[in-house]
Amino acid sequence: MNLYVRLFTRGTMLPQPWRFFSRAAEDLALQRIHKVLCVAEKNDAARGIAELLSNSRMRRREGFSKFNKIYEYDYHMFGQKVTMVMTSVSGHLLAHDFIMPFRKWHSCNPLALFDAEIEKYCPENYMDIKRTLEREIQQCQALVIWTDCDREGENIGFEIIHVCKAVKPNLQVFRARFSEITLHAVRSACENLTQPDQKTSDAVDVRQELDLRIGTCGAHFVSSGAAFTRFQTLRLRKIFPDILADQLISYGSCQFPTLGFVVERFKAIQAFVPEAFYKIKVTHDHEDGSVVFSWKRNRLFNHTACLVLYQMCMEDPVATVVDVVSKPKSKWRPLPLDTVELEKLASRKLKINAKETMTIAEKLYTKGFISYPRTETNIFPKELNLSALVEQQTQDPNWGDFAQRILDQGGPTPRSGTKSDQAHPPIHPTKYTSNLQGNEQRLYEFIVRHFLACCSQDAKGQETTVEIDIANEQFIAQGLMILARNYLEVYPYDKWSDKVIPLYQKGSRFQPTTVEMVDGETSPPLLLTEADLIALMEKHGIGTDATHAEHIETIKTRMYVGLTADQRFLPGQLGMGLVEG
């Protein structure tokens, strides 16, 4: 029996959490619901949702975990007044691991881990959360899952269902679906409850079991060690006992390709052989500065050939203007923001790494300031009221006037991308705030400015291209006059500047200020930045928008790679050794 089949026949999947009733039976069951347990993925989200649904009149009390509070309030649901009990977990409540005889590293041959029995259990540090759920569900007739609406959130939801149905097998279970923690979104979620998605949760269970059996990228399962991780670590510790005595050498199906990109770029730099090149450069000074004309051949790698052409130009170094073309030029406003672009732009523009970016974005989301930050969508849905979102930002002293101009000039006209995950809209601000500090404020401001820029107009300019001829060699210069900055007024992260050149007439002749032959060398590629690495991971399908930051952090914490002074990735000896074998 192959591994894939075993995963689905071993019996580790959680059972279906609901039964199908007739319409009359369903109505009768709903009438019997007087108290509902609601469970969010984090305490901040639970508090935020409870504040909105209770109009800030909820009653707070303690659970067994001091980090996960309980919020009670009355709400109209299922056609009647019910008591809502809102609490939270702290991410995954349950963990996969091998049964005890296989957890110790020297207990078996790593090959045995491919067939070893796996159990799903509650780790000791989450037992207080589990006890809270078990206590609270006893008095409730229904359970509503309020975890994040993505694959991990669906799986966490089924972990909550598993714990609660162990206490109350006939419990009715519902799923609240939302993309932001705002009054409209959470009320809509209450009015449109659905069923949890078993297949989505099963997909996460399969991935977790594969990670555990074959290799894991994160720290969640490292205690017992996946097969390749255990084999690799024990083998290399034996070969290099002094160097790797306490080093965990993990294997991961996403972690290793990520490391491979870093090593591949480093090797390309090491193997690079510079090559000399030669080109002709022409300048023409005028009252506003100097115009540089670039050779249409760009460059030659043969010194003699370039020298001959240069000497021909110097025999009669008078330039003839052979063409002048002026045309409109636009600099496109940014596309709506998805997770990968947020990570890349925050790394490049704000110098905030991907892990910190997503941590901050999660906080902003649970506080209700931005929409759900894990999305593959860069197309705003038609039903999203963009004008209302823009209007919220008109009160800001820095970008409020720009937001108002968007409304005065006909309203938002966002660019549309090509990607949609059919689950969440692009990342956008959902509420105005001026009370943030540090990197939270910087990231929130970036998301707001990006949103306003996207809803604005492209920058407009006029580009002039002048082509000249010297001894049958052509050279080109370009000038730019910016006519309307538009989105650039609110988006300082993009640069576009005027480039002044004098007025040239087709057929006119002039004496260049300089005509010179210059040389240079080809340059090696640069080491990868974090934004470069994320782009490569996305291009080659390594990980997901939700896990890129995690995989990069893993190869850093395992010391497979380090960072240079300018924040570029450099492979360490261990990283090189693992890839090179």
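**View 1. The stretch from residue 35 to residue 179 in this predicted model.** Start with the two ends: the C-alpha atoms that close off residues 35-179 sit 25 Å apart. Along the way, the span is 28% helix and 30% strand. If you look up the UniProt record, an unreviewed entry, you'll find these residues annotated as "domain: Toprim".

**View 2. How the protein chain splits into domains.** There's a domain 1, made of residues 31-204, and a domain 4, made of residues 339-455. Domain 2 comes in two pieces, 215-271 and 527-580. Domain 3 is also put together from two pieces, 276-333 and 459-521.

**View 3. Where domain 1 meets domain 4.** Taken over C-alpha atoms, the centres of these two domains are 28 Å apart. Eleven residues of domain 1 take part in the contact, along with twelve residues of domain 4. Between them, the two domains bury about 1,000 Å², with 50% of that on carbon and sulfur atoms. On the domain 1 side, look for Ser 179, Glu 180 and Ile 181: they lose the most area to domain 4, and together they make up 46% of what that side buries.

**View 4. A look at the chemistry between domain 1 and domain 4.** Here you can pick out five residue pairs in polar contact, counting pairs with both residues at pLDDT 80 or more. The side of domain 1 that touches domain 4 has four nonpolar, two polar and five charged residues. As for salt bridges between the two domains, the count is zero.

Key: Residues numbered from 1 in each chain as written. Predicted model: local features only at pLDDT ≥ 70, side-chain atom pairs only at ≥ 80, totals over all residues. Heavy atoms only, no water. UniProt positions renumbered as here; feature names shortened; annotations may be inferred. Helix = DSSP H or I, 4+ residues; strand = E, 2+ residues; numbered from the N terminus. Domains from an automatic or database assignment. Contact = heavy atoms within 4.5 Å. Buried area = accessible area lost by both parts, 1.4 Å probe. Salt bridge = Lys/Arg side-chain N within 4 Å of Asp/Glu carboxyl O. Polar contact = N/O pair within 3.5 Å; in protein donor to acceptor, adjacent residues only side chain to side chain. Nonpolar A, V, L, I, M, F, W, Y, C, P; charged D, E, K, R; others polar.
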